[in-house]
Amino acid sequence: MTLDVAWTVDWVRRTAQVVLENRDYLVELDRQIGDGDHGENLKRGFTAVIAKLDGATEPPGQPADVLKTVATTLMSTVGGAAGPLYGTAYLRAAKVTAVDVLDGPGVLAMLEAGLEGIVARGKAQPGEKTMVDAWTPAVNAAQQAVADGASAEQVLAAAATAAEEGAVATDPLVATKGRASYLGERSAGHRDPGAASSAMVIRAAADAAAAADGAA
Ligand code: ADP
Ligand code: MG
């Protein structure tokens, strides 16, 4: 199976839904080690993204068109650290998805580009208690899945599970990047909000792929 522009739109709609459902949870996580705005930032951003998609005069032709809309909308509506970080991730992902369909390697390239964008923008290494700690294991798992000959759907499922595990694994870490780093050792014992939201974004991609497969 391959994933097309309809999958991309479904992914973004599912992301918006999960972000709305988890707005309070993400705010609570950010209240522990940041300023408590992460859930609200993403809610505002993805609400604007959905309005953009709904108001578009022409349907998007390729996955890249959708991801570019997400990128520019998040950059202009989400403040704080997460807006530019997610915006850059989606922009880089758009650069490698100007094709009609994505197979396993295509999905891997998209995830790799997203991670590269986050690292280029935020300069965080794995282990610094940021969204990189969800994206890095996701990309590693996706690479392994592609090496094993997995389908696009299987690649995303592996990436989503690894991202969720990566988010949980931020709990004991001490933050050395972003606002949480101001807390030093006191940031340990809390989950990183950006890693938690990143796991939701990647799970939404996997869920949309599973739905596309079921419908095919
Ligand atoms: P702000 O910290 O400006 O209030 P948000 O609360 O929306 O922005 O986002 C915070 C999240 O951004 C953190 O939980 C972390 O995952 C991520 N983050 C912050 N700085 C960086 C960075 N340099 N690299 C990667 N991710 C980062
Ligand atoms: Mg914040």
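This is a short tour of the ligand, the pockets and the cavity in the structure you have open. Keep in mind as you go that the model is predicted.

**Stop 1: the ligand**

Begin by selecting ligand 1 and the residues around it. There are 20 of these residues, and His38, Asn41, Ala81, Gly122 and Asp192 come nearest. Show those five as sticks, then look at some individual contacts.

Start with histidine 38: an N or O atom of its side chain is 2.9 Å from an oxygen atom of ligand 1. Next, turn to alanine 81, where the backbone takes part: one of its N or O atoms lies 2.8 Å from an oxygen atom of the ligand. Then move to glycine 122, which has a polar backbone atom 2.9 Å from a nitrogen atom of ligand 1. How much of ligand 1 does the protein bury? Taken alone, the ligand exposes 570 Å², and the protein buries 92% of that.

Now color the helices that surround the ligand. Three elements each give two or more residues to the shell around ligand 1: α3 (38-55), α5 (82-95) and α9 (193-215). Which of them gives the largest share of the shell? That is α9, with three residues. If you color the shell by residue class, you will find seven nonpolar, seven polar and six charged residues.

**Stop 2: the largest pocket**

Keep the ligand in view and turn on a surface. Ligand 1 sits in the largest pocket, which has a volume of about 550 Å³. The pocket is lined by 28 residues; to find its centre, select Ala81, Ala82, Leu85, Gly178 and Arg179, the closest of them to that point. Ala81 is worth a second look, as it is also among the residues that come nearest to ligand 1.

For the walls, select α2 (23-33), α3, α5, α6 (104-122) and α9, each of which gives the lining two or more residues. By class, the lining has twelve nonpolar, eight polar and eight charged residues.

**Stop 3: the second largest pocket**

Next, select Val18, Glu164, Ala199, Met200 and Arg203. Of the 14 residues that line the second largest pocket, these are the closest to its centre. The space here comes to about 210 Å³.

Which elements supply at least two residues of this lining? They are α1 (5-21), α8 (152-168) and α9. The largest share again belongs to α9, which provides six residues. Coloring by class shows eight nonpolar residues, one polar residue and five charged residues.

**Stop 4: the cavity**

For the last stop, hide the surface and look inside the protein. Rolling a probe the size of a water molecule over the atoms shows where empty space is left. How many cavities of 30 Å³ or more does a search of the whole structure find? It finds one, and the volume of this largest cavity is about 50 Å³.

To see what surrounds the cavity, select Trp11, Ala89, Tyr90, Ala93, Met110, Leu111, Trp135 and Val201, which line it. Two elements, α5 and α6, each give two or more residues to this lining, and the largest share, three residues, comes from α5. Try coloring by class once more: the lining has eight nonpolar residues, with no polar and no charged ones.

To finish, select α5 by itself and zoom out. This helix gives residues to the shell around ligand 1, to the lining of the largest pocket and to the lining of the largest cavity.

Notes. Residues numbered from 1 in each chain as written. Chains lettered and ligands numbered in written order. Predicted model: local features only at pLDDT ≥ 70, side-chain atom pairs only at ≥ 80, totals over all residues. Heavy atoms only, no water. Near = heavy atom within 4 Å. Polar contact = N/O pair within 3.5 Å; in protein donor to acceptor, adjacent residues only side chain to side chain. Areas by Shrake-Rupley, 256 points an atom, 1.4 Å probe, with all protein chains shown as cover. 1 Å grid on protein atoms, 1.4 Å probe; cavity = no way out; pocket = protein on both sides within 12 Å on 5 of 7 lines; lining within 4 Å. Sits in = over half its atoms within 2 Å of the grid points. Helix = DSSP H or I, 4+ residues; strand = E, 2+ residues; numbered from the N terminus. Nonpolar A, V, L, I, M, F, W, Y, C, P; charged D, E, K, R; others polar. Points joined across faces, edges and corners; volume = space filled by probe spheres on them.
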